[in-house]
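Open the model in your viewer and keep the selection panel handy. We will go from one stop to the next, and at each one I will tell you what to pick and what to look for.

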Amino acid sequence: MKENLLLHVCCGPCAEYPLEVLIDQEGFRPLLYFYNPNIHPREEWRRRLHNLLLLAEKRGLSVIVEPDWDQDKWTGY
């Protein structure tokens with residue numbers, strides 16, 4: 001099984017189909033990367049991360065989480 005793929009993901013629901021294709025059809029074993037400082041409000045960011053972590057656990061995948069949620073940095077205010 002290939003283990004050389006880093007996949008940037010925004011949330012669990014959006015990652016489900018690409019993971020199905022990459023794992024089940026292509027034989028990859030992706031490492032998931034969550035970095036989304038542009039998600040607003042913070043509660044939505046947390047919801048997306050939580051659902052991604054549930055999916056990763058179900059699929060037995062690792063996740064790199066960039067905890068940098070800084071709305072000021074993103075918006076420039």
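**Stop 1: the sheet**

Begin by selecting strand 2 (31–34) and strand 3 (63–65): the two run parallel and are joined by three bridges. Keep in mind as you look that this is a predicted model. For one pair to label, pick Tyr 33, whose bridge partner in strand 3 is Ile 64.

Now add strand 1 (6–8) to the selection. In what order do the three strands lie in the sheet? The order is 1-2-3, the sheet is open, and the pairing is parallel. Strand 1 and strand 3 are the edge strands, each of them pairing on one side only. Turn the view to look along the sheet, and you can follow a twist that averages 25° from one strand to the next. As general background, strands of a sheet pair through backbone hydrogen bonds, either parallel or antiparallel.

**Stop 2: the helix on the sheet**

Next, select helix 2, residues 42–59. Which strands does helix 2 touch where it packs on the sheet? Its contacts there are with strand 2 and strand 3. Draw the axes if your viewer allows it: the direction of helix 2 makes about 175° with that of strand 2.

**Stop 3: charged pairs along helix 2**

Stay on helix 2 and show side chains. The structure holds four salt bridges, and we will visit some of them here. In general, side chains of opposite charge can pair when their charged atoms come close.

Pick Glu 43 and Arg 46, whose side chains meet in a salt bridge at 3.7 Å, N to O. Because these two are three residues apart in helix 2, about one helical turn separates them. Both partners are partly exposed: the relative accessible area of Glu 43 is 42%, and Arg 46 has a relative accessibility of 43%.

Move on to Glu 44 and show Arg 47 with it; their side chains form a salt bridge at 2.9 Å, N to O. Here too the partners are three residues apart in helix 2, so about one helical turn lies between them. Arg 47 is partly exposed at 43% relative accessible area, and Glu 44 is partly exposed at 21%. The cut-off matters for Glu 44, because buried means under 20%.

Keep Glu 44 selected and add Arg 48. Their closest N and O atoms are 2.9 Å apart, which makes another salt bridge. Arg 48 and Glu 44 are four residues apart in helix 2, about one turn of the helix. Arg 48 has 22% relative accessibility and counts as partly exposed. Which residues do the shared partners join into one network? Glu 44, Arg 47 and Arg 48 are linked in this way.

**Stop 4: helix 1**

For the last stop, select helix 1, residues 12–25. Its 14 residues should span 20 Å at 1.5 Å a residue, and the end C-alpha atoms are 19 Å apart, which agrees. Centre on Pro 18, where helix 1 bends by about 35°.

Which residues of helix 1 are buried? Colour Gly 12, Ala 15, Leu 19, Val 21, Leu 22 and Ile 23 to see them. Bring back the earlier selections, since what covers these buried residues includes strand 1, strand 2 and helix 2. Finally, step just past helix 1 to Gly 27, which takes a positive phi of about 80°.

Key:
Residues numbered from 1 in each chain as written. Predicted model: local features only at pLDDT ≥ 70, side-chain atom pairs only at ≥ 80, totals over all residues. Heavy atoms only, no water. Buried < 20%, exposed > 50% of the residue type's maximum accessible area, 1.4 Å probe, protein only. Expected span 1.5 Å × (residues − 1). Bend = angle between axes of the 7 residues up to and from the residue. Contact = heavy atoms within 4.5 Å. Pairing = 2+ DSSP bridges. Axes fitted to C-alpha atoms, helices over the stretch in contact; angles between N-to-C directions.
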